[in-house]
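Some labels for a protein model are only as good as the cut-offs behind them. The questions below ask what each label rests on.

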Amino acid sequence: MTFWETVERGEYVMIALAVLFILSIIIWWVRSAKLGRDRKTYPDLMHRVRDHVIEGDIDNARQLCDTIATPGAKVVETGLSRVGKSMLEVTTSMQETALIEKDSMTRGIRWLRFIAVISPLLGLGGTLVGIIDRLRDLGELGPTVDLSMLCGAISPTIVTTVAGLGVGIFALVAITCLDARIDSSRRRLDELTVEFTDLLNEPA
């Protein structure tokens, strides 16, 4: 029996695993690309905002942040909108915005965790169903069944378990990579809050 014949015999499970694998790739790619784009704007953001604030041009600073529209820019824009109010209110507002943006960074991660959990179970379920089906077929042959026939019938059904583990492992690796980048971006949001409040506290 060839691999593709095995796939056809367990087509529903294999199709489901293929869909989950493609979905995990899409989620990983989209989230990685977005985190990368957002990160690139951070090093230059505060320098440009600082120039506008020093000149007293708060409106252009806010417009700049609105144009960039990254999590860091939204946090800084929140701070700019509170300029003139107490430092506590500025810091609190920026932290609240940062919490919202931090939560938005985890979009898609929940789906990856679901895929990491369900894929091995789905593969194992496909194997068990396949084994039951093969044993039923062999049972109809009666006493003529030998060990080689038994192994030959059952071994192809293990493909779904292997495929499920493969999809689950990929999802776990993707989660680990994304979590590391998200943690870095979260720390940067906290740093931006500190940098902005330091900017407001600088002597005129």
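The turns below go through the labels one at a time, for a model that is predicted.

Q: What makes up the fold, helices or strands?
A: The protein has 8 helices and 0 strands. From the N terminus on, the elements run α-α-α-α-α-α-α-α.

Q: Why is Val30 called partly exposed?
A: Val30 has a relative accessibility of 45%. Partly exposed covers the range between under 20%, which is buried, and over 50%, which is exposed, so 45% puts Val30 in the middle class.

Q: What makes Val30 eligible for a nonpolar surface patch?
A: A patch residue needs over 30% relative accessible area and no salt bridge. Val30, at 45%, passes the area cut-off, and it is among the nonpolar residues that the rule admits. The patch comprises Phe21, Ile22, Ile25, Ile26, Trp29 and Val30 and covers about 580 Å². Val30 itself lies in helix H2, residues 11-54.

Q: Why is the contact between Asp190 and Lys102 called a salt bridge?
A: The closest N and O atoms of Asp190 and Lys102 are 2.9 Å apart. The cut-off is 4 Å between a side-chain nitrogen of Lys or Arg and a carboxyl oxygen of Asp or Glu, so the pair qualifies. Asp190 is in helix H8 and Lys102 in helix H5, so the bridge ties together parts 88 residues apart in sequence.

Q: How do you know whether Lys102 and Asp190 are buried or exposed?
A: Lys102 has 14% relative accessibility and counts as buried, because the limit is under 20%. Asp190, at 39%, is partly exposed.

Q: Why do Asp103 and Arg110 fall on opposite sides of a class boundary?
A: The boundary for exposed is over 50%. Arg110 has 52% and counts as exposed, whereas Asp103 has 45% and counts as partly exposed. Their side chains meet in a salt bridge with an N to O distance of 3.7 Å, which is within the 4 Å limit.

Q: What makes Glu195 and Arg188 a salt bridge, and which residues does the network hold?
A: The closest N and O atoms of Glu195 and Arg188 are 2.8 Å apart, within 4 Å. Arg188, Glu191 and Glu195 are linked in a network of salt bridges. Arg188 is buried at 10%, while Glu195 is partly exposed at 27%. In the protein the count comes to 7 salt bridges.

Q: How do you know that the buried residues of H3 line one face?
A: The buried residues of H3 are Ala61, Leu64 and Cys65. Seen down the helix axis, they fall within an arc of 95°, so they line one face. On the other side of H3, Asp59, Asp66 and Thr67 are exposed.

Q: Which residues touch the most other members of the largest nonpolar core?
A: The core has 32 residues, and those with the most contacts to other members are Leu45, Val49, Cys65, Val76, Leu80, Leu112 and Phe196. H2, H3, H4, H5, H6 and H8 each supply at least two residues. H8 gives the most, with 10 residues.

Q: What does Leu80 touch, leaving out residues up to four places away in sequence?
A: Leu80 touches Val49, Val53, Ile58, Ala61, Arg62, Cys65 and Phe196.

Technical notes
Residues are numbered from 1 along each chain as its sequence is written. This is a predicted model: local features need pLDDT of at least 70, side-chain atom pairs count only at pLDDT 80 or more; totals for chains, interfaces and linings use all residues. Side-chain values use heavy atoms; hydrogens and water are left out. Patches are made of residues with over 30% relative accessible area and no salt bridge: like charges are joined within 9 Å, nonpolar side chains (Val, Leu, Ile, Met, Phe, Trp, Tyr) within 5 Å. Accessible areas come from the Shrake-Rupley method with a 1.4 Å probe; for residues, only the protein chains shown count as cover. Helices (H or I, at least four residues) and strands (E, at least two) are DSSP runs, numbered from the N terminus. Buried means under 20% relative accessible area, exposed over 50%, partly exposed in between (1.4 Å probe, protein chains only). A nonpolar core is a set of buried Ala, Val, Leu, Ile, Met, Phe, Trp, Tyr and Cys residues joined through side-chain atoms within 4.5 Å. Contact means heavy atoms within 4.5 Å. The arc is that of the directions from the helix axis to the C-beta atoms.
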